[in-house]
Amino acid sequence: MTAVLSNDKIPNNVDLSSDKRLQRALEQWLPNYLDWWKQVGPEGYQEKDVYLRTAISVDTDGWAHFDYVKMPDYRWGIFLTPAEADKKIGFGDSYGQPVWNEVPGEFRNMLRRIIVTQGDTEPASVEQQRLLGATAPSLYDMRNLFQVNVEEGRHLWAMVYLLHSYFGKDGREEAEGLLERRSGDSDKPRILGAFNQPIKNWVDFYFFTMFTDRDGKYQLYALSESGFDPLARTTKFMLTEEAHHMFVGETGIDRMVARTAELMKNGPDQQSVRKQGGIDIPTLQKYLNLWFSLSEDLFGGEISSNAADFFAAGLKGRYKEDKYEDHKALEGQYRMSVIEEGKLVEKDIPLRTAMNEVLRDNYVEDCQRAVDKWNRTLERAGADASLRFRLPNRRFHRHQGIYAGHSFDIDGNMISAEEFEKKKHQWLPSPSDIAYIESLMVPVHEPGKIAGWIAPPTRGINGQPFEFEYVRGA
Ligand code: BYC
């Protein structure tokens, strides 16, 4: 296994040319992928030179190479982190046994389902974001959008490689299915809820990359523990790319907050922020509530026999499984609030069935860290202490798991469906909030210029200044 990528039609470090059958199958899939990209990938800008990062080796230091590339010429390929000698399964019933390099027959369906679900999110996000280029607030942001898009395309390749290599005919059919479903389509929707939500504007985009891509981080970490080693190694490499996507979201929100704080110096009330063309804090909080709650749903139910089965089988572990002592998790309990006879009561749940909630805990903690950072931006700018962000309670606005079908306020108190309906626009973007945000979405495509509702970044990409022409001739 080499760290440097081959120069084949499909760049790879899996010695693809030695497996003619697989190479042919993937080369047949390639034009279908490109058709999909042209049909529902980023609209416009396909012929423009974009300053993109491309993988040229999977070494931890220095796989990233920056240059101008036209998006359809991006080197989509198959990159796995190098195999480790004598690697053992790190959790579940097969704990301590050698990792698998072939699919164990008894877990085949489970594994295929995990890979298809993961794979389905990648093209979905590209579809969701396809119209944003035309209203980019700066060339820097436009370039970041396209970087995220091409890498999500590559993550699709990563899952398709696994399907084609290890799952025979049904794997090939699933790979076709990944190009056939469409985000938001009523007949052929994407599999998971948040990936059918429209991303209508750049505020949605930053909150999506902050919160939804961060679900990706935790799911990929859990899969990088997998006893099925090809899945572990491919997801480990995906995580290096994912970090940039979350950076785009977290800093994008921080830059909106910084701009709002600056505008508040001219007039602290939130109406005046809007009058000056900025995004007031309560509106940003509503977008936070929306995307945080949609993304929490992506962890699945709080009590899940699927999650217990995935863990028992050694297919999907916990975030940084190493830091746990008991890798079988047969004994432990997890205390959570469940609903019984219309009331919230505390209950102990066997740990294995609570694995989705364990992962969600890690996620919520990470989200809180980002919220604290945005609040520090407000504090530094001298914003009134009443203007701070917070995460909603995790029961708020849920559509999966034990809280779905019930209504909760932002603090997690159970309320009636009527009350929720009455108050929902205090918590979630209202049609008039959305109309206001959309009125701000005018393109600023001149190098060094930026829209009035967001601050420029503190530094550019790869040591280039903000003024750099990140997309030529946009
Ligand atoms: N929407 O036992 P349950 C990323 C279904 S993001 C719709 O509660 P489970 C990225 C579930 O399928 C990371 N349906 O949940 C980010 C099941 O269906 P069936 C993507 C949902 O199975 C940004 C039923 O409800 N990776 O990479 O333990 C840009 C009961 O399920 C949802 C993965 O998700 C939902 N939100 O956990 C680009 C990793 N949630 O059996 C990319 C792979 C649950 O009744 N996936 N259901 O038909 C998994 O590990 C699990 O499937 C889930 C669900 C964590 C998603």
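Start by selecting helix H2, which gives the most to the lining of the largest pocket, with 8 residues. Helices here are DSSP runs of H or I with at least four residues, numbered from the N terminus. A pocket is worked out on a 1 Å grid over the protein atoms alone: it's an open set of points where a 1.4 Å probe fits, with protein on both sides within 12 Å along at least five of seven lines, and lining residues have an atom within 4 Å of a point.

Before you go on, know that this is a predicted model, where local features need pLDDT of at least 70, side-chain atom pairs count only at pLDDT 80 or more, and totals for chains, interfaces and linings use all residues. Residues are numbered from 1 along each chain as its sequence is written, and side-chain values use heavy atoms, with hydrogens and water left out.

**Stop 1: the largest pocket**

Select Thr117, Leu192, Gln219, Leu298 and Gly300: of the 38 lining residues, these lie nearest the centre of the largest pocket. About 850 Å³ of space lies in there, a volume being the space filled by probe spheres set on the grid points. Now add H5 and H9, since they and H2 each supply at least two residues of the lining.

**Stop 2: the ligand**

What takes up the space of the largest pocket? Show the ligand, because that space is the one it takes. Around the ligand is a shell of 29 residues (each with a heavy atom within 4 Å of it), and the closest are Arg113, Gln118, Gly301, Ser304 and Lys316. H2 (108-128), H5 (202-224) and H9 (305-312) each supply at least two residues of this shell, with the largest share, 7 residues, coming from H2.

Colour the shell by class and you'll get 8 nonpolar, 14 polar and 7 charged residues. Here Ala, Val, Leu, Ile, Met, Phe, Trp, Tyr, Cys and Pro count as nonpolar, Asp, Glu, Lys and Arg as charged, and the others, Gly among them, as polar.

**Stop 3: three side chains**

Zoom in on Ser304, where a polar side-chain atom lies 2.7 Å from an oxygen atom of the ligand. Next click Arg113, with a polar side-chain atom 2.9 Å from a ligand oxygen atom. Then find Gln400, which has a polar side-chain atom 3.5 Å from a nitrogen atom of the ligand. Taken alone, the ligand exposes 1100 Å², and the protein buries 81% of that (Shrake-Rupley areas with a 1.4 Å probe).

**Stop 4: the second largest pocket**

Move on to Lys87, Ser224, Glu225, Lys236 and Asp322, which lie nearest the centre of the second largest pocket, out of 16 lining residues. Its volume is about 320 Å³. Select H5 again together with helix H6 (229-264): each supplies at least two residues of this lining.

Methods
A polar contact is a pair of N or O atoms within 3.5 Å; within protein, one must be able to donate a hydrogen and the other to accept it, and residues adjacent in sequence count only if both atoms are side-chain atoms. A molecule sits in a cavity or pocket if more than half of its atoms lie within 2 Å of its grid points.
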